[in-house]
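Subject: Structure for you to look through

Dear colleague,

Please find the structure below, together with my notes on what turned up in it. I would be glad if you could read the notes with the structure open beside you.

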Amino acid sequence: MPESALKRPSLSIGWPLVLSAAAAWFLLYRLLQPFADWLTYGLLNLPVGSHLGESLAFFFYDVPKIILLLSGMIFLITVLRSFFTAEQARAWLGGKREGAGNILAALLGVVTPFCSCSAVPLFIGFVESGIPLGVTFSFLTATPVVNEVALAMLFGLFGWKVAGLYLVSGLTIAVIAGVIIGRLRLERYVEDFVWQVKVGQATVEQEKPSWEERFETAWESTKEIVGKVWLYVVAGIAIGAGIHGYVPADALAQALGKNAWWSVPAGVLLGVPLYSNAAGVIPVVHALMEKGAALGTTLAFMMSVVALSLPEMVILRRVLKPQLIGVFVAILAAAIVFTGYLFNMIL
Amino acid sequence: MHTIKVLGTGCPTCQRLLHDVQQLVVAKQWHATVEYVTDIPAIMAYGVMSTPALVVDEKVIAVGHPGPAKVAELINNAIT
């Protein structure tokens, strides 16, 4: 690569560019419905009200809408997260007691930029500095449960109320799981080497990033995440569109409605192997809900998809003994099932 | 001769940082070796909690991937 290419890797992303992009974003968003209608009923000339027409109009509307929402929200969330670091979170959590510490940890878990591969150094850094095990777990649980892709898609397909409900219940589960693990005194099930690691004194004097740098990082993550999930989004919406157009209303009320008590645990079980595929799963679930599936069952299923993930447990296995992983999974699963029943009951 | 280390656990961002640093060393003709450290206790010894982290001559100069331009500037400041 020539040196000039490295010097200017991309154009600098400043406020003017971000603001014009935001304006273009809103304009595109307004044009989605007319575009989908024109494409389906105008260009393809499908009769209004036909099964195929209904399905295609749904697909052409939802795909660009969700991609737009995902990009916009991931960008905003990454900019927000650029104001937080794991080191800062550790400093804030130091000396906090159980309870208040768990709540703060869950909140910080959501806003701290964090990839699952950092889970191990972060875990060691937290427990070594004396942060209680339970508080550390609240932090580590909140991150995957309140996942930005899931949140953006819930917001886009279900609206802000369901997205908010999901956020609040995810945080609550993280707090409760952490408190229980703290109470059970499971420190002996942390791998022994963790207690022996000599954690060095961080000597990073990183200057505060400028807005341009924050925007640039945010743009990079947006490209990375959307690039990774867009195919699942399209596939999920295609399946959802098929259900939307072809399955009669209320066909699923029997099997997945409020009165089917077994549907919540079944949904949680089904969610386990679908880890990290929130992007593909949420559009399907949205279509199922239109046909009579209950909201609590749906939310429980989605939380299980993101929170009970096998790769995450494999990473944590490096610092936790199997017993502690077992307890953690059991508490999470129970809390998610409980949340599902609760929402089926009150909504 | 300087030693540049990328501390990482194998995530995509860590590999991107390693790749960018290797390219920079060639392009800028720095007299430096690039090393990829994945051993957890070794990473923790630097006192960082999030990966990737960039270490020049045993001093942590960045956590995360601040972008190729910024990385070039940070390394340049550290070795001159």
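I begin with A:Arg185, which sits in the loop of chain A between H10 and helix H11 (192-196), where helices are DSSP runs of H or I with at least four residues, strands are DSSP runs of E with at least two, and both are numbered from the N terminus. A:Arg185 has a positive phi of about 50 degrees although it is not a glycine, and at 57% relative accessibility this residue counts as exposed (buried means under 20% relative accessible area, exposed over 50%, and partly exposed in between, with a 1.4 Å probe and protein chains only).

Before going further, please note that this is a predicted model, in which local features need pLDDT of at least 70, side-chain atom pairs count only at pLDDT 80 or more, and totals for chains, interfaces and linings use all residues. Residues are numbered from 1 along each chain as its sequence is written, chains are lettered from A and ligands numbered from 1 in the order in which they are written, and side-chain values use heavy atoms, with hydrogens and water left out.

Chain B has a residue of a similar kind to report: B:Gln29, in the loop between helix H1 (12-28) and strand S2 (32-37), has a phi near 55 degrees, a positive value in a residue other than glycine. B:Gln29 is exposed, with a relative accessible area of 65%. Also in chain B, a cis peptide bond with omega of about 0 degrees joins B:Thr51 and B:Pro52, and B:Pro52 is placed in the loop between helix H2 (40-44) and strand S3 (53-56).

Turning to helix H18 (322-346) of chain A, its 25 residues should span 36 Å at 1.5 Å a residue, and its end C-alpha atoms are indeed 36 Å apart, which agrees; the expected span is 1.5 Å times one less than the number of residues. Its buried residues include A:Leu324, A:Phe328, A:Ala335, A:Gly340 and A:Asn344, and what covers the buried residues includes helix H8 (133-145), helix H10 (160-183) and helix H14 (263-271) of chain A, contact meaning heavy atoms within 4.5 Å. A:Leu347 lies in the segment after this helix and is partly exposed, with a relative accessible area of 45%.

Elsewhere in chain A, A:Gly156 belongs to helix H9 (residues 148-158) and is buried, with a relative accessible area of 8%. Leaving aside residues up to four places away in sequence, A:Gly156 touches A:Lys65, A:Ile66 and A:Leu69; A:Lys65 is 91 residues from A:Gly156 in sequence, yet the two are 7.5 Å apart in space, C-alpha to C-alpha.

Lastly, the structure holds 13 aromatic pairs over all chains (rings of Phe, Tyr and Trp, the last by its six-membered ring, pair if their centres lie within 6.5 Å, with planes under 30 degrees apart counted as stacked, over 60 as edge-to-face and the rest as tilted). The rings of A:Trp25 and A:Phe26 have centres 5.1 Å apart and planes at 80 degrees, so this pair is edge-to-face, and A:Phe26 is exposed at 56% relative accessible area. A:Phe35 and A:Trp38 form a tilted pair, 6.3 Å centre to centre with 35 degrees between the planes.

With best wishes
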